[in-house]
Amino acid sequence: MIPSDHFTRFYNEVFKFLEDQGEEHLEAYWLEISKNQEKHTLELFKEKGLKGMYEYWDHIRIEENCDMDLKLDDEKLELRMNVCPSLSKVLDNDAEPMKRYCDHCAGWIGPLIDKVDHHLVYDVIDRNKPQCVVKIFKDKEKAIEEEKNAKLLMKWPGKK
Amino acid sequence: MNKNNLDQKLRYNDAGNVHMDFHGATNTTIEFIINKYGIDTMNDIFKKVGNDVYKDIKDHIKKGNIKMLAKHWQHFFDRENADYNISINDEEIILTVNRCTAYEHVRKLVGNVSPNFCDQTIKTNEALAENTPYEIKTEILGEAACRQTIRKRV
């Protein structure tokens, strides 16, 4: 068994293989993971919108031992990751970290948020630091406006 | 179960909550990679996990310290609340997993577990032992059950 604690280091090995095959291979995998995550999230997000997203990430915050602040208002959900356990483990690793490890997160979350007609702004800030800011808006124009403030804005399959 | 009181610290010594759903993502990944690239590619990735991610444990095995692997097994099977027995001595370690909670969690999540789900154990173990004086044999005893044995090569 690869312990669930070490999944992200296994994930990192998968990403390195797929990156060598080409960008479309990585994107196909992110979409597969996104489809897998739909089982836990799609109905919740469709039914409860931002509140459902808050519930999901609040559960993740606890279960994945994240140092993360969540803020919900009528217009948006803001997720401020202060110390990301996933990238932290990949950096604390005897195997080489994939340089774009952070990209997978927008890679699976983006298509899911698109499906429930909300608008994701994913600022990774710096791929070498385990922190990011994710904002999910109801209103597309507000998301486009927020994108201007991002330091390192992530894209995903379907948003180039 | 013999307790392993080895004093050395594990390279990856996780604490806190356990996110069992990651095993579901492992199952999805195994199916995705095998369907798209074939089983040899999947096995090569597991081999990298054994050789590179677990380099520290492998280095210990090379030097004859197999108890670090026992410590690793105990730490993570305890964290995942698996039902297992372990017998430890200087020459041989036998880990018997009676109920693998990773396998059971995936079955609960998705219904059918990939027939290659246990390859993560078999192939990672093989890579850990490759080019060392030891071999690791993984026998599947049934659904969610296996025996993993590390001993000196004949």
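Angles under 35 degrees count as roughly parallel, those over 145 as roughly antiparallel, those from 65 to 115 as roughly perpendicular, and the rest as oblique. This convention is needed at the first stop of the tour, which is made in a predicted model.

**First stop: two helices of chain B**

Select α2(B), residues 39-53, together with α6(B), residues 119-129. Their axes approach within 7 Å and cross at roughly 50 degrees; α2(B) and α6(B) are therefore oblique to each other. The crossing of this pair is right-handed. To display the contact, show B:M42, B:N43, B:F46, B:K47, B:V49, B:G50 and B:N51 on α2(B), and B:D119, B:Q120, B:K123, B:T124, B:E126, B:A127 and B:L128 on α6(B). Coloured by class, these residues divide into five nonpolar, five polar and four charged.

**Second stop: the hairpin of chain B**

Move next to strands β3(B), residues 134-142, and β4(B), residues 145-152, which run antiparallel and are joined by eight bridges. One pair to pick out is B:K137 with its bridge partner in β4(B), B:T149. Two residues lie between the strands of this hairpin, and B:A144 there adopts a positive phi near 65 degrees.

**Third stop: where chain B touches chain A**

Now show both chains. On the chain B side, 32 residues are in contact with 23 residues of chain A. The elements of chain B that contribute two or more residues to this side are α1 (22-37), α2 (39-53), α3 (55-62), α4 (67-79) and α6 (119-129). The helices of the first stop, α2(B) and α6(B), are thus met again here. Select α1(B) in particular: the largest share of this side, nine residues, comes from that helix. By class, the chain B side divides into 13 nonpolar, eleven polar and eight charged residues.

**Fourth stop: the sheet of chain A**

Hide chain B and select the strands of chain A. Four of them form an open sheet in the order β1-β2-β4-β3, with antiparallel pairing. At its edges are β1(A), residues 67-72, and β3(A), residues 119-123, each of which pairs on one side only. From one strand to the next the twist averages 10 degrees.

Zoom in on β3(A) and its antiparallel partner β4(A), residues 132-137; five bridges connect the two strands. Among the residues to label are A:L120 and its bridge partner in β4(A), A:I136.

**Last stop: a helix across the sheet**

Finally, add α6(A), residues 140-147, to the selection. This helix lies across β3 and β4 of chain A and runs at about 15 degrees to β3(A).

Key:
Residues are numbered from 1 along each chain as its sequence is written. Chains are lettered from A and ligands numbered from 1 in the order in which they are written. This is a predicted model: local features need pLDDT of at least 70, side-chain atom pairs count only at pLDDT 80 or more; totals for chains, interfaces and linings use all residues. Two residues are in contact if their C-beta atoms, placed from the backbone, lie within 7 Å. Helices (H or I, at least four residues) and strands (E, at least two) are DSSP runs, numbered from the N terminus. Ala, Val, Leu, Ile, Met, Phe, Trp, Tyr, Cys and Pro count as nonpolar, Asp, Glu, Lys and Arg as charged, and the others, Gly among them, as polar. Two strands pair if DSSP finds at least two bridges between them. Axes are lines fitted to C-alpha atoms, for helices over the stretch in contact, and angles run from 0 to 180 degrees between N-to-C directions. A crossing is left-handed if the near helix is turned anticlockwise from the far one by less than a right angle, and right-handed if clockwise.
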